[in-house]
Amino acid sequence: MSEPAIEVYEVEDRTFPPPPAFTAQANTTDSSLYDEANADYEAFWARQARELLTWNTDFSTTLEWELPFAKWFVGGELNVSYNCLDRHVEAGRGDKVAFHWEGEPGDKITLTYDQLLTEVKKFSNVLKSFGLEKGDRVAIYMPMILELPIAMLACTRIGVAHSVIFGGFSADAIVDRCIDAEARLIITADAGYRRGAAAPLKPTVDQAMEIGAPSVENIVVVDRCGTDPAMVDGRDHWWHDLMAEASDNSPAEPMDSEQLLYLLYTSGTTAKPKGIMHTTGGYLTQVAFTHKYVFDLKPETDIYWCAADIGWVTGHSYIVYGPLANGCTSVMYEGTPDTPGKDRLWDIIERYGVTQLYTAPTAIRMFMKWGAEEPQKHDLSTLRVLGTVGEPINPEAWMWYHEHIGGEERPIVDTWWQTETGGNMITPLPGVTTTKPGSACHPIPGVFAELVDDNGEVVTNGGGYLTISKPWPSMLRGIWGDEERYRETYWSTYEGRYFAGDGAKLDDDGYLWLLGRVDDVMNVSGHRISTTEVESALVDHPAVAEAAVVGGTDEITGQAIIGYVILRGTHEASQELGDEIREHVGVKLGKIARPKTVIIVPDLPKTRSGKIMRRLLRDVADGRSLGDTTTLADPGVVSEIAAKAAESDED
Ligand code: WTA
């Protein structure tokens, strides 16, 4: 935590109260939920758990808190797939559409709750046929197709924990995660459609198996694109063959409220990703609650769309678990927003009559660049609530979203949360909160956030480090296999508090402004990437002696990965070598972690104690216009670094 929170905004004094037409129909419009939660937050969450979910056995204790270990809804038993599927079908809503799915090439599938339940039951029997049992882990590496939520829900039906690996990750990333989680099975597809072409997945899994993931016994492959991948006899199985044989009789097994639901790996400040653990009752309570109130959900009539990828926590909580627990109809889309045209999202919204859109600031900035004429081609009048997540939203992007997508009258919910928090934590409630462009506003009812300074003293006005001062239901329960790292990473910086890793500011009106990470984690297009992880991948290239990575500022992606490298003795700096080094990171970690720019330098500025002066490197990166290329260290860069080093008092 070398960098203090940086002030990035001018004072923003525009305010947007909830429009009267919106409050007239909103799920909540006053402070009553906040008052209730402030009076007794455990009782508040207990009420939500009982009202929003169906329990096989009621819980006896709401919260057992032995810092930093929480157990929520102790003694309670429930099943996630039952809550997401069976109970809606039993209540006569089996014909309701769960997903309007659209593939990138334009193919469409409409799946009702009844049909989804049948598929989930069948796939849970497939899992059982591989000998998988409660407590086992499986890895899922899939495109955005319906088999993905089906596989996840099938796991929850029998208590198997899934670990979804984003489809853009590399074979090495698959290996690391499978080894750490001791995954017994990988569920994948031959490929998925990206920008008009089939992007292979199964061959990457095969590479992973060659590198070695000894716990993996079987691989299930969905035939999405007909690319005819190699199949290993006895190990690889086609999804459609298994499903053709599978019975659709599979009772939902009641699980302990604290049964492990899933692992999701995320980048921290070291080279090794952390397996964030989420459990059953508390997680489902908070995602169902936030999905209902933050998006003002009307399950009977809404067509909700979270345009994220299920490979990230946003997709877990707000494409799969929250929306299905609430029994709503969602849109799910496989591909990229510019295929076949730059109006793909707006076209989808118009055709399905989407009522809520949940996307990321990076996407909004890209839409701004593409121009307002793209959304103007379509009727977006069905939209009611606009959401954003993943990184701070700059006021310009907020205003553009408000004007061009929201027609100046839809509330925007800027939701701050993390893989670790499981669900939304700081966000407006659309019928209650007067918003300010760029502010996530306030913690939700039942969540308590405070800023602290370097000494851990609470800050009530101005900048500080964001902490959460009380446990919350969907909090991570730990880091898989590393209790000490859990304690160390989140609970040791400030006594008794969860340290989020973000800087923030409280304004005079008590509004929170998130200012970005204060540790060595970069946020590129809303994705968390560790500088250390990229540095390890850079020095893994035989020509690289030393590397330093910083997040430079980028107009569209928020931050961009800039790598400074020193070459080993005999290697000559060249454009080709730099490009090769960039590609090497892409292969090691996946394309999303490939540096935008690699700068070959003769030396790196260091403090007397030998620490790389990242802030200086960031300044240098930000002061230059860097393209998607290699930049050789021209004397300019070197003297710039030298001059900055001379004037810097960093040590
Ligand atoms: C950042 C994504 C500002 C933050 C759900 C956090 C945000 C990290 C916001 C978590 C927001 C997420 N405003 N910053 N509304 N939402 N962040 O784990 O730095 O992929 O720590 O979870 O994203 O990223 P993660």
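**Helices, sheets, cores and a ligand site in a predicted model**

Helix α8 spans residues 202–211, and its buried residues are K202, T204, V205, D206, A208 and M209. The model described here is predicted. The buried residues of α8 pack against several other elements. Among them are the strands β6 (137–141), β8 (185–189), β10 (197–200) and β11 (218–222). Strand β12 and helix α7 (171–181) are also partners in this packing. Just after α8 comes G212, which takes a positive phi of about 120°.

Several of these strands belong to an open sheet. Eight strands form this sheet, in the order β12-β11-β8-β6-β7-β14-β15-β24. The pairing is mixed. Two strands lie at the edges, β12 (236–238) and β24 (478–479), and each of them pairs on one side only. At the β24 edge, the partner is β15, which covers residues 274–279. These two strands run antiparallel and are joined by two bridges. Here M277 stands opposite G478 of β24.

The loop between β11 and β12 contains R224. R224 has a relative accessible area of 15%, so this arginine counts as buried. Its side chain makes a polar contact of 2.7 Å with the side chain of E334. Beyond its close neighbours in sequence, meaning those up to four places away, R224 touches residues from several parts of the chain. These include W101, G103, E104, P105 and D107. They also include I145, the run A189, D190, A191, G192 and Y193, and again E334.

The nonpolar residues form more than one core. The largest nonpolar core holds 137 residues. Within this core, L116, F123, I187 and Y321 touch the most other members. Helix α6 (residues 147–158) gives the most to this core, with eight residues. F123 shows how distant parts of the sequence meet. Leaving out residues up to four places away in sequence, F123 touches I150, A151, A154, I187, V220, W239 and M243. Apart from this core lies another, of 27 residues. I348, I364, W370 and L383 are among its members.

I348 also appears among the contacts of V331. V331 lies in strand β17, which covers residues 329–333. V331 counts as buried because its relative accessibility is 1%. Neighbours within four places in sequence aside, V331 is in contact with H100, I303, Y304, W305, I348, Y352 and V354. One of these partners, Y304, is 27 residues away along the chain. Even so, the C-alpha atoms of V331 and Y304 are separated by 6.3 Å.

The cysteines were examined next. A search of the whole structure finds zero disulfides. For C84, the closest cysteine sulfur is in C328, at 11 Å, so the two are too far apart for a bond. C84 itself counts as buried, because its relative accessibility is 0%. C225 also counts as buried, at 15% relative accessibility.

A ligand is present in the model, with 17 residues around it. The closest are D414, T419, D502, R517 and R528. Polar atoms of both backbone and side chains approach the ligand. An N or O atom in the side chain of T419 is 2.6 Å from an oxygen atom of the ligand. A polar side-chain atom of R528 lies 2.8 Å from a ligand oxygen atom. For E391, a backbone N or O atom lies 3.3 Å from a nitrogen atom of the ligand.

R528 belongs to strand β28, residues 527–530. In a regular strand, side chains alternate between the two faces of the sheet. Both faces of β28 are covered. H527 and I529 are buried on one side, and R528 and S530 are buried on the other. Strand β27 (residues 521–524) pairs with β28 in the antiparallel sense, over four bridges. V524 has H527 of β28 as its bridge partner. The two strands form a hairpin, with two residues between them. In the turn, S525 has a positive phi of about 50°.

Another strand, β29, covers residues 544–554 and includes D554. At 14% relative accessibility, D554 counts as buried. The side chains of D554 and K596 are joined by a polar contact of 2.9 Å. Not counting residues up to four places away in sequence, D554 touches Q559, A560 and K596.

Key. Residues numbered from 1 in each chain as written. Predicted model: local features only at pLDDT ≥ 70, side-chain atom pairs only at ≥ 80, totals over all residues. Heavy atoms only, no water. Core = buried A, V, L, I, M, F, W, Y, C linked by side-chain atoms within 4.5 Å. Buried < 20%, exposed > 50% of the residue type's maximum accessible area, 1.4 Å probe, protein only. Contact = heavy atoms within 4.5 Å. Pairing = 2+ DSSP bridges. Disulfide = S-S within 2.5 Å. Near = heavy atom within 4 Å. Polar contact = N/O pair within 3.5 Å; in protein donor to acceptor, adjacent residues only side chain to side chain.
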